[in-house]
Amino acid sequence: AVAAGGLMATAQIGPIAKDWGLAKLPMTLFGATLPLLTMTLSIDNICNGFTRPLCGFLSDKIGRENTMFGIFIGEGLALLGMMQYGQNPYAFMTFAALIFLFWGEIFSIFPAICADTFGSKFAASNAGTLYTAKGTAALLVPLASVLSAAGGWNLVFIVSAIVTIAAGVSAKFILARSEEHTS
């Protein structure tokens, strides 16, 4: 669910910036002036890479489900923030960075929780199977185009936020409970 919500938003960041008239707007940050979309995507990739060790560390300290709960809720709120304030160029860059920051954790937490749940004996094959969720979620990306045609980008953000927040609540209250019963 969180892979679908994140992919729907991140795959559409370019068309959203273009539709909102922001894509080519010159932005200066740390002495570099680039078109807003180029600057945003550069920052987004840094945030997406940074979140992986950060969330791995957090999940080791506060637990996988608690980390997923906080991060997924954060992503949902960032999606709603982008919807509400994203037509401001600085808000667009900030909320896009937050979306990427919160979305990238699936690559560190999911393999860890898979090993925690099923043990280490088949960790590689289980994690590989789990990773197919991203590919399956990618099949839903065209849904964002359909939703945007039907109700604009706000509908895309609302659906993505609902899916992501539901994943966070599920991690905290369903996954955590199933872990308790298998321990």
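In this predicted model, I158 is a residue of helix 8. Its relative accessibility is 35%, and I158 therefore counts as partly exposed, since that class lies between the limits of 20% for buried and 50% for exposed residues. I158 belongs to a nonpolar patch on the surface, together with L77, L80 and I162. The accessible area of these four residues together is about 340 Å². Two helices, helix 4 (64-85) and helix 8 (141-182), each contribute at least two residues to the nonpolar patch.

Helix 4 also holds R64, a residue that takes part in salt bridges with D60 and with D116. The structure holds 2 salt bridges. In the pair with D60, the closest N and O atoms are 2.8 Å apart; in the pair with D116, the corresponding separation is 2.7 Å. Because R64 lies in helix 4 and D116 in helix 6 (residues 106-118), this second pair ties together parts that are 52 residues apart in sequence. D60, R64 and D116 are joined into one network by salt bridges that share partners. The accessibility of the three residues was also computed. R64 is buried, at 13% relative accessible area, whereas D60 is exposed, at 57%. D116 is partly exposed, with a value of 44%.

A further feature is the packing of helix 1 (residues 2-11) and helix 7 (residues 123-138), whose axes are 8 Å apart and form an angle of about 45 degrees. The two helices, helix 1 and helix 7, are therefore oblique to each other, as angles under 35 degrees would count as roughly parallel and those of 65 to 115 as roughly perpendicular. The crossing of helix 1 and helix 7 is right-handed.

Conventions. Residues numbered from 1 in each chain as written. Predicted model: local features only at pLDDT ≥ 70, side-chain atom pairs only at ≥ 80, totals over all residues. Heavy atoms only, no water. Patch = residues over 30% accessible without salt bridge, like charges linked within 9 Å, V, L, I, M, F, W, Y side chains within 5 Å. Areas by Shrake-Rupley, 256 points an atom, 1.4 Å probe, with all protein chains shown as cover. Salt bridge = Lys/Arg side-chain N within 4 Å of Asp/Glu carboxyl O. Helix = DSSP H or I, 4+ residues; strand = E, 2+ residues; numbered from the N terminus. Buried < 20%, exposed > 50% of the residue type's maximum accessible area, 1.4 Å probe, protein only. Axes fitted to C-alpha atoms, helices over the stretch in contact; angles between N-to-C directions. Parallel < 35°, antiparallel > 145°, perpendicular 65-115°, else oblique. Left-handed = near helix turned anticlockwise from the far one by under 90°.
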